[in-house]
Amino acid sequence: MATLYVENVPDDLYEALRRQAKKDRMSIAAEVIEVLERAIPTKAELEKRAKFMREIRKFQRRKPLTPGPFPSTEEMLREDRER
């Protein structure tokens, strides 16, 4: 596992990080890793997102099961009331 050293962290940022780590009951190092994991997607995460988008596009290209256009909610309610 790699080691990361960060210098010249602004005092206010460090204090905010320290407070957040304390709130989460984590060390500052663990909190930094948590923040980085949320902010920077890994190669695996990017591949997962790409696969998800391919699936979405596949569904968007599918033809609807019934022909459109569909009646609005108001039209359907009106039709129901008239029955």
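# A tour of the pocket, the patch and the salt bridges

The lining residues of the largest pocket are 14 nonpolar, with no polar and no charged residue among them. The model on screen is a predicted one, and this pocket is the opening stop.

**Stop 1: the largest pocket.** Select L4, V6, V32, I33 and L36, the lining residues that lie nearest the centre of the pocket. The lining as a whole has 14 residues, and the space in the pocket is about 510 Å³. Next, colour the helices α1 (11-23) and α2 (28-39); each of them gives the lining at least two residues. Which helix supplies the largest share of the lining? That share comes from α2, with six residues.

**Stop 2: a nonpolar patch on the surface.** Keep L4, V6 and L36 selected and add V9, L13, Y14 and I40. Together these residues form a nonpolar patch on the surface, and their accessible area adds up to about 650 Å². L4, V6 and L36 thus appear in the patch and also among the residues nearest the pocket centre. Pick out Y14, which sits in helix α1. Is Y14 buried or exposed? Neither word fits: Y14 counts as partly exposed because its relative accessibility is 37%, and the partly exposed class lies between under 20% and over 50%.

**Stop 3: the loop between α1 and α2.** Move to R25, which is found in the loop joining these two helices. R25 has a relative accessibility of 80%, so it counts as exposed. For a sense of distance, select T3 as well and draw a line between the two C-alpha atoms. The line spans 22 Å, and the two residues are 22 apart in sequence.

**Stop 4: a salt bridge on α2.** The model has seven salt bridges in total; three of them are visited here, beginning with R38 and E34. Show both side chains: they meet in a salt bridge with an N to O distance of 3.9 Å. How many residues separate this pair in helix α2? They are four residues apart, which means a separation of about one helical turn. R38 counts as exposed because its relative accessibility is 58%, whereas E34, at 30%, counts as partly exposed.

**Stop 5: two salt bridges on α3.** Go on to helix α3, residues 43-61. Select E45 and K48, whose side chains form a salt bridge at 3.8 Å, N to O. These partners are three residues apart, about one turn of the helix. E45 is partly exposed, since its relative accessible area is 25%; K48 has 55% and is therefore exposed.

Further along α3, select E55 and K58. Their salt bridge has its closest N and O atoms 3.4 Å apart. Here too the spacing is three residues, about one turn of the helix. What is the relative accessible area of each partner? K58 has 42%, so it is partly exposed, and E55, with 34%, is also partly exposed.

**Last stop: a network.** Return to E45 and K48 and add R49 to the selection. These residues belong to one network, joined by salt bridges that share partners.

Technical notes. Residues numbered from 1 in each chain as written. Predicted model: local features only at pLDDT ≥ 70, side-chain atom pairs only at ≥ 80, totals over all residues. Heavy atoms only, no water. 1 Å grid on protein atoms, 1.4 Å probe; cavity = no way out; pocket = protein on both sides within 12 Å on 5 of 7 lines; lining within 4 Å. Points joined across faces, edges and corners; volume = space filled by probe spheres on them. Nonpolar A, V, L, I, M, F, W, Y, C, P; charged D, E, K, R; others polar. Patch = residues over 30% accessible without salt bridge, like charges linked within 9 Å, V, L, I, M, F, W, Y side chains within 5 Å. Areas by Shrake-Rupley, 256 points an atom, 1.4 Å probe, with all protein chains shown as cover. Salt bridge = Lys/Arg side-chain N within 4 Å of Asp/Glu carboxyl O. Buried < 20%, exposed > 50% of the residue type's maximum accessible area, 1.4 Å probe, protein only.
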